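Trainee: Could you take me through one part of this structure closely? I would like to look at the disulfides and what surrounds them.

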Amino acid sequence: SNYLDFRLTMTAQPDQDGGCGNFNGNPSDDGTAHVMMRGAGRVPPGQNMFNSRMHPGWTSHEEHMLSHCPQDRVAQADRFCANLGSRNEVPFKACKLDMCFGPNEHVLRMSKTMGI
């Protein structure tokens, strides 16, 4: 399985920000692009609470989904993700996939319609 769906509930903390938003009451700045621009979607070095680290891979399913990204988003993602390395490296591709489909709360349902 390539997906994990969960719901986390908690009260807002001072200066809280992350992959789910910043709890400022403004949902328009909680999308993937805004979170990534703030650098909130990544865990800083030294703050990882796990003992080991998995090296990310890239699947044919993700490649297939990326091939269905609208061209205007592809161009935007190419510019936004350019500082993450080569276009063939996983961080760049993952950023691009997030930019293409991160805002879509029904991406799992959509991927199933594509046979993934």
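Mentor: Happy to; we will go through the disulfides, then the helix and the cores around them, and end with two residues from the start of the chain. Please keep in mind that this is a predicted model.

Let's begin with the count: searching the whole structure turns up 2 disulfides. One of them is formed by Cys69 and Cys100, whose sulfur atoms are 1.9 Å apart. This link is left-handed, with -85 degrees about the S-S bond. Cys69 sits in the loop between α2 and α3 (71-81), while Cys100 belongs to helix α4, so the bond ties together parts that are 31 residues apart in sequence. Cys69 and Cys100 are both buried.

The other bond to look at joins Cys81 to Cys95, with an S to S distance of 2.0 Å. Its torsion about the S-S bond is about -75 degrees, so the disulfide of Cys81 and Cys95 is left-handed. Here the linked parts are helix α3, which holds Cys81, and helix α4, which holds Cys95, and the two cysteines are 14 residues apart. Both Cys81 and Cys95 are buried. If you number the bonded cysteines of the chain in sequence order, the pairing reads 1-4, 2-3.

Now stay with α3 for a moment. Its buried residues are Val74, Ala77, Asp78 and Cys81. These residues lie on the same side of α3, because they cover an arc of only 105 degrees around the axis. Turn to the other side of α3 and you find Asp72 and Arg79, which are exposed. As for what covers the buried residues of α3, α4 is included. That fits nicely into the picture, since a disulfide runs from Cys81 in helix α3 to Cys95 in helix α4.

Next, the cores. As a rule, nonpolar side chains in soluble globular proteins tend to be buried together. In this model, the largest nonpolar core has 7 residues: Met65, Leu66, Cys69, Val74, Leu97, Cys100 and Phe101. Both α2 (60-66) and α4 (90-101) supply at least two residues each to this core, and the largest share, 3 residues, comes from α4. There is also a second, separate core of 6 residues, among them Met36, Phe92, Cys95 and Met99. You will recognise some names here: Cys69 and Cys100, both members of the largest core, are the two partners of one disulfide. Cys95, listed in the second core, is the partner of Cys81 in the other bond.

Finally, two residues from the segment before α1 (32-38) give you something to set beside all this. Asn22 lies in that segment, and with a relative accessible area of 15% Asn22 is buried, because the cut-off for buried is under 20%. Setting aside neighbours within four places in sequence, Asn22 is in contact with Gln16, Asp17, Asp29, Asp30 and Arg38. Thr11 is also in the segment before α1, but Thr11 counts as exposed at 59% relative accessibility. In sequence, Thr11 and Phe23 are 12 residues apart, and in space their C-alpha atoms are 9.1 Å apart.

Key: Residues numbered from 1 in each chain as written. Predicted model: local features only at pLDDT ≥ 70, side-chain atom pairs only at ≥ 80, totals over all residues. Heavy atoms only, no water. Helix = DSSP H or I, 4+ residues; strand = E, 2+ residues; numbered from the N terminus. Buried < 20%, exposed > 50% of the residue type's maximum accessible area, 1.4 Å probe, protein only. Contact = heavy atoms within 4.5 Å. Core = buried A, V, L, I, M, F, W, Y, C linked by side-chain atoms within 4.5 Å. Disulfide = S-S within 2.5 Å. Arc of directions from axis to C-beta.
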